[in-house]
Amino acid sequence: ESYRQQYRAGKYIGSVLAWWGLMRGYDAAGITISQLYVQSTAAYLAALAYRQYQRRDKGAQDLLTAGALLVSTVPLALEALNDTTGGYTLGIMALGILLITAGMGMHYRLVRDWGIGTLVLIVLYKTAGFIFQLPGWVWFGIIGIGALVGAIYLLGRHNDERPSDSTQSKR
């Protein structure tokens, strides 16, 4: 009835009840895979965020999107940290790639940057033993090249912001 009458509060209550019913359905079916519960909750929050996007409420959209990203990535990343078989690690890496792709496709920087951060953190954690065995000169080289690339990027960006000589008024 809320859908037919366009009652927003009733729609949200209905969606919460549908989510709760899904969780109870998983429980009744004896499903004990925690990631199924977690990813279903993340999908629900993402659907709410999309609804806020349709309503053009950027603040609520960003808040719900951040909630969906937290719920989808943090538990999976925690599982991947202690993963010895590689399944959870592949899962979090696939999720990171999916987030980057979706963020680029939707032109949504929060999602894209979250995916990049997820990939960087999991790769750094999984390769930490190798990274800390590198000699000191490699670290100095990496830091130097990074500083050089950063300076070139900032210099190029600074030059793009300056007005060219042809646009300045002639005196």
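**Figure 1. R112 and D113 join side chains in a salt bridge.** In this predicted model, the nitrogen-to-oxygen gap between R112 and D113 is 3.0 Å. A salt bridge here means a side-chain nitrogen of Lys or Arg within 4 Å of a carboxyl oxygen of Asp or Glu. D113 also has a salt bridge with R109, at 3.3 Å from N to O. Put them together and you get a network of salt bridges linking R109, R112 and D113. R109 and D113 sit 4 residues apart in helix 6, so about one helical turn separates them. That fits a handy rule: an α-helix has 3.6 residues a turn, so residues three or four places apart point the same way. How open are these side chains? R109 is exposed, with a relative accessible area of 59%, while D113 is partly exposed at 33% and R112 is partly exposed at 28%. The cut-offs for relative accessible area are under 20% for buried and over 50% for exposed, with partly exposed in between (1.4 Å probe, protein chains only).

A quick note for every view: residues are numbered from 1 along each chain as its sequence is written, and side-chain values use heavy atoms, with hydrogens and water left out. Since this is a predicted model, local features need pLDDT of at least 70 and side-chain atom pairs count only at pLDDT 80 or more, while totals for chains, interfaces and linings use all residues.

**Figure 2. K58 and D62 make a salt bridge within helix 4.** Their side chains come to 3.3 Å, N to O. Both residues belong to helix 4 and are 4 residues apart, which is about one turn of the helix. K58 is partly exposed, at 49% relative accessibility, and D62 is partly exposed too, at 26%. Counting across the protein gives 3 salt bridges.

**Figure 3. Q61 is a buried residue in helix 4.** Helix 4 covers residues 58-81. Q61 counts as buried because its relative accessibility is 10%. Which residues does Q61 contact, leaving aside neighbours within four places in sequence? They are A49, Q52, Y53 and Y108. A contact means heavy atoms within 4.5 Å.

**Figure 4. Nine residues form the largest nonpolar core.** Its members are L69, L76, A80, I92, L95, L99, Y108, V111 and I122. Helix 4, helix 5 (87-106) and helix 6 are the elements that give two or more residues to this core. A nonpolar core is a set of buried Ala, Val, Leu, Ile, Met, Phe, Trp, Tyr and Cys residues joined through side-chain atoms within 4.5 Å. In soluble globular proteins, nonpolar side chains tend to be buried together. Take L76 from the core: not counting residues up to four places away in sequence, L76 touches Q35, Q39, Y88, G91, I92 and L95.

**Figure 5. I122 is a core residue in helix 6.** Helix 6 runs over residues 109-126. I122 counts as buried because its relative accessibility is 5%. Setting aside residues up to four places away in sequence, I122 touches A80, L81, I92 and M93. Now look at I122 and M93 together: they are 29 residues apart in sequence and 7.6 Å apart in space, C-alpha to C-alpha.

**Figure 6. F132, W139, I142 and I143 make a nonpolar surface patch.** This patch has an area of about 450 Å². Accessible areas come from the Shrake-Rupley method with a 1.4 Å probe; for residues, only the protein chains shown count as cover. Patches use residues with over 30% relative accessible area and no salt bridge; like charges are joined within 9 Å, and nonpolar side chains (Val, Leu, Ile, Met, Phe, Trp, Tyr) within 5 Å. W139 lies in helix 8, residues 136-161. W139 is partly exposed, with a relative accessible area of 32%.

**Figure 7. Helix 2 is followed by G30 with a positive phi.** Helix 2 has 21 residues, 8-28, and reaches 30 Å from its first C-alpha to its last. That is close to the 30 Å expected at 1.5 Å a residue, where the expected span is 1.5 Å times one less than the number of residues. Just after helix 2, G30 takes a phi of about 80 degrees. The protein has 8 helices and 0 strands; helices (H or I, at least four residues) and strands (E, at least two) are DSSP runs, numbered from the N terminus.
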